[in-house]
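Trainee: I am new to this structure and would like a close look at one part of it, with the surroundings explained afterwards. Could you take me through it carefully, and define the terms as you use them?

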Amino acid sequence: MGRLRIRTLDKNMTAVVQATAGPPAAAAAVREALTAAKIGNGIDDAAIEALGSKLADTAFAGEAVVARGKPPVQGEDGRVDGMIPPTKVAGTPREDGSIDYRERMFLIGVSAGIEIGRIVAPTVGVAGKDVFGAGVPAVPGKPTTVKPGPGAKLLGDVVLARHDGVLLRNAKVIDVVPLFAHGGDVDYRCGNLHTAGSLSIEGDVRDGFSATASGDVQINGAVANGLVFAGGSVNVTQGVLGRNAKVIAGHDAYFRHATSATIEADGAVEIADQATHCRIRATTIEAKEGKGVVLGGELRARSRITVRVAGSAAATATTLVVGDVLQDVAASVRAIGGSAKLDVTTRPRGIAMSRTSLRDVDAAVEERLRLLKRKRELLVGAMVEFLDVVHPGVVVVFGDKTWTCDAPVHAVRLRWSETDDSIHEEPLR
């Protein structure tokens with residue numbers, strides 16, 4: 001027993017035996033040490049036996065994990081099940097059996113009175129136990145923040161359409177809104193388009209013109225140095241092209257290719273072929289279809305970036321950032337009235353301050369700490385995946401940690417490790 005010491009890690013979820021050189025011992029000595037330390041849950045018998053065989057050597061010194069607690073299963077957040085537009089499909093069958101690849105069911109029409117969603121309550125989770133056998137409470141899930149809009153009504157836990165229209169669904173609302181269909185380009189012939197509800201554009205959004213909708217926007221052409229703003233999702237059949245081209249989506253954004261454009265979405269961004277020298281920000285970013293190439297520019301995602309190819313053999317500077325909290329920062333700035341306040345960490349000394357000023361400073365400090373915590377939470381689950389190859393010149397950023405590609409790397413996943421605060425590589429095949 002004298003050469004063994006027990007310590008626990010991870011808030012008593014892991015028990016480690018440390019051994020120093022000394023008299024020969026066996027697995028029984030390890031078990032006695034655990035009993036004396038009152039550790040009896042999650043015992044790893046194989047690890048104990050393996051350590052016991054090493055203790056026969058009087059010169060052995062080392063450590064081993066010999067017990068692991070059962071972590072709690074956190075509760076699932078509430079959600080709204082049912083229709084979730086855009087229901088993006090490869091195409092729609094025609095009467096003759098062929099496929100219409102331009103009809104992808106991006107906008108979903110609904111009739112009055114039909115069920116468009118169902119509220120699912122959060123779960124409480126399952127408690128765990130640490131290595132001492134003490135209970136570890138689970139964190140219950142949070143109720144959904146999605147609310148029925150004016151075109152929907154709640155009957156028990158069922159969401160119904162109040163009238164005919166197009167389904168709108170994003171992170172805040174489930175609603176039924178009208179659809180406006182524009183048969184040509186957005187240009188001098190029609191001027192800018194602004195509508196409540198969803199918008200379908202048969203042609204292009206031309207240079208300097210804009211299309212704005214509270215719901216979804218479907219563009220069967222391109223955004224050529226134009227502007228598109230949607231409270232829901234945006235689907236661009238062709239490209240988003242030009243330094244002044246901008247697409248802002250309250251939910252998801254889909255496009256075939258983009259060049260020098262700005263694309264932002266609260267949900268997912270999906271690239272059907274490639275993006276060159278673009279500025280893209282979203283919760284997740286994917287470029288898995290077609291060439292699947294992102295080249296130049298900067299991609300910022302809250303949780304995940306997955307691409308086939310990043311950068312080029314010419315070492316084009318390309319930056320990918322995950323664990324991004326810029327959206328949270330922007331919301332905080334709007335809430336407390338100015339970006340400078342987010343940099344406050346302590347109260348100024350020697351300066352008389354009003355109660356209102358002190359409250360503003362305290363609110364800014366509290367918000368800054370919340371953002372730091374949120375950033376760490378995002379980093380724990382964040383990842384960057386290169387399905388084919390990542391070229392020199394590509395830089396990946398997790399928080400304040402940077403991974404730089406100096407030579408071509410094939411099929412690799414990058415994650416941030418909270419244990420050693422570093423970026424780890426995992427082969428994908």
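Mentor: Let us begin with Gln-18, whose bridge partner in β3 is Glu-63. The model is a predicted one, in which local features need pLDDT of at least 70 and side-chain atom pairs count only at pLDDT 80 or more, while totals for chains, interfaces and linings use all residues. Residues are numbered from 1 along each chain as its sequence is written, and side-chain values use heavy atoms, with hydrogens and water left out.

Gln-18 belongs to the strand we will follow, β2, which covers residues 14–19; strands here are DSSP runs of E with at least two residues, helices are runs of H or I with at least four, and both are numbered from the N terminus. β2 runs antiparallel to β3 (residues 62–68), and 6 bridges join the two; strands count as paired if DSSP finds at least two bridges between them. β2 also pairs in the antiparallel sense with β1 (residues 4–9), again over 6 bridges, and within that pairing Thr-8 has Ala-15 of β2 as its bridge partner. As a general point, strands of a sheet pair through backbone hydrogen bonds, either parallel or antiparallel. β1 and β2 form a hairpin with 4 residues between them, and in its turn Asp-10 has a positive phi of about 55 degrees.

What surrounds β2, then? Because 6 of its 6 residues are buried, β2 is largely enclosed by the rest of the structure; buried means under 20% relative accessible area, exposed means over 50%, and partly exposed lies in between, with a 1.4 Å probe and protein chains only. Both faces of the strand are covered, since Thr-14, Val-16 and Gln-18 are buried on one side and Ala-15, Val-17 and Ala-19 on the other.

For the wider setting, the chain has 4 helices and 36 strands, and 43% of its 429 residues count as buried. The chain exposes about 21,600 Å², of which carbon and sulfur atoms supply 54%; the areas come from the Shrake-Rupley method with a 1.4 Å probe, and for residues only the protein chains shown count as cover.

Elsewhere, an open sheet of 4 strands with mixed pairing has the order β7-β14-β15-β11. Its edge strands, β7 (109–110) and β11 (147–148), each pair on one side only. β7 runs antiparallel to β14 (residues 165–169) and is joined to that strand by 2 bridges, with Gly-165 in β14 as the bridge partner of Val-110.

Finally, the structure holds 2 aromatic pairs; rings of Phe, Tyr and Trp (its six-membered ring) pair if their centres lie within 6.5 Å, and planes under 30 degrees apart count as stacked, over 60 as edge-to-face and the rest as tilted. The rings of Tyr-188 and Phe-209 have their centres 5.0 Å apart and their planes at 90 degrees, so this pair is edge-to-face. Tyr-188 counts as exposed at 78% relative accessibility, whereas Phe-209 counts as buried at 10%. The rings of Phe-386 and Trp-403 have centres 6.4 Å apart and planes at 25 degrees, so that pair is stacked. Phe-386 sits in strand β32 (residues 383–390) and Trp-403 in strand β34 (residues 401–404), so that the pair links distant parts of the chain, 17 residues apart. Phe-386 is buried with a relative accessible area of 0%, and Trp-403 is buried at 10%.
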